[in-house]
Amino acid sequence: MTAIMLTRIDNHRNMARFYKLDVQPTLFGECSLVREWGRIGRAGTVRIETYRSRGVADIAMASNWTRKLKKGYR
């Protein structure tokens with residue numbers, strides 16, 4: 001699956017942020033949701049959450065994606 005890259009830019013508030021979501025397989029047959037976020041042009045913070053199956057990881061990714069869309073990311 002392709003990674004989802006979201007951005008939120010507001011020049012009036014000097015805000016330029018990114019949020020990246022990606023599901024990747026692990027070495028043990030599970031799937032991980034890799035989330036990275038931060039300011040555009042800087043190194044971001046990375047969090048990895050491991051799930052037993054690809055379906056559960058996809059649901060978690062969709063949940064995070066929906067939450068970020070509600071906060072103004074596009």
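Which side chain does Asp58 meet in a salt bridge? The partner is Arg54, at 3.2 Å from N to O. This report returns to that pair after setting out the fold.

## Overview

This is a predicted model. The protein has one helix and four strands. Along the sequence they follow the pattern β-β-β-β-α. The helix therefore comes after the four strands in the chain.

The protein has 74 residues, and 28% of them count as buried. Its C-alpha atoms fill a box of roughly 45 × 25 × 15 Å along the principal axes. Consider the contacts with a separation of 6 or more. Residues 24 or more positions apart account for 33% of them.

## The sheet

The four strands form an open sheet. Their order is β1-β2-β3-β4, and the pairing is antiparallel. β1 and β4 stand at the edges. Each has a single partner strand, so one side of each is left without a neighbour in the sheet. On average, neighbouring strands are turned by 15° against each other, direction ignored.

In the middle of that order, β2 and β3 pair over nine bridges, in the antiparallel sense. One bridge partner can be named: Asp22 is matched with Val34 in β3.

## The helix across the strands

α1 lies across β1, β2, β3 and β4. Its direction is about 170° to that of β2.

## The nonpolar core

Which residues make up the largest nonpolar core? There are 12: Ile4, Leu6, Tyr19, Leu21, Val23, Cys31, Leu33, Tyr51, Ala57, Ala60, Met61 and Tyr73. Several elements contribute to this core. β1 (4-10), β2 (15-25), β3 (31-39) and α1 (54-70) each supply at least two of its residues.

Ile4 shows how these parts meet. Set aside its neighbours within four places in sequence. Ile4 is then in contact with Tyr19, Lys20, Leu21, Met61 and Trp65. Among these contacts, Tyr19, Leu21 and Met61 are also listed in the core.

## Aromatic pairs

The whole structure holds two aromatic pairs. One of them joins Tyr19 and Trp37. Their ring centres are 6.0 Å apart and their planes stand at 20°, so the pair is stacked. Tyr19 lies in strand β2 and Trp37 in strand β3, so the pair ties together parts that are 18 residues apart in sequence.

Is Tyr19 buried or exposed? Tyr19 has 4% relative accessibility, so it counts as buried. Trp37 is partly exposed, with a relative accessible area of 27%. Tyr73 joins these two residues in one aromatic cluster. Tyr19 and Tyr73 also belong to the largest nonpolar core.

## Salt bridges

Side chains of opposite charge can pair when their charged atoms come close. The count here comes to two salt bridges.

One is formed by Arg35 and Glu49, at 3.2 Å from N to O. This pair links distant parts of the chain. Arg35 is in strand β3 and Glu49 is in strand β4 (residues 45-51), 14 residues apart. Arg35 counts as buried, because its relative accessibility is 15% and the limit for that class is under 20%. Glu49 counts as partly exposed, at 25% relative accessibility.

The other is the opening pair, Asp58 and Arg54, also given at 3.2 Å. Both residues sit in helix α1, four residues apart, so about one helical turn separates them. Asp58 is partly exposed, with a relative accessible area of 26%. Arg54 is partly exposed too, with a relative accessible area of 33%.

## A loop residue with positive phi

Most residues other than glycine have a negative phi. Where does Asn14 stand? Asn14 is found in the loop between β1 and β2. Its phi is positive, about 55°, although it is not a glycine. Asn14 is also exposed: its relative accessible area is 59%, and the exposed class begins over 50%.

Definitions and conventions. Residues are numbered from 1 along each chain as its sequence is written. This is a predicted model: local features need pLDDT of at least 70, side-chain atom pairs count only at pLDDT 80 or more; totals for chains, interfaces and linings use all residues. Side-chain values use heavy atoms; hydrogens and water are left out. A nonpolar core is a set of buried Ala, Val, Leu, Ile, Met, Phe, Trp, Tyr and Cys residues joined through side-chain atoms within 4.5 Å. Buried means under 20% relative accessible area, exposed over 50%, partly exposed in between (1.4 Å probe, protein chains only). Contact means heavy atoms within 4.5 Å. Rings of Phe, Tyr and Trp (its six-membered ring) pair if their centres lie within 6.5 Å; planes under 30 degrees apart count as stacked, over 60 as edge-to-face and the rest as tilted. A salt bridge is a side-chain nitrogen of Lys or Arg within 4 Å of a carboxyl oxygen of Asp or Glu. Two strands pair if DSSP finds at least two bridges between them. Axes are lines fitted to C-alpha atoms, for helices over the stretch in contact, and angles run from 0 to 180 degrees between N-to-C directions.
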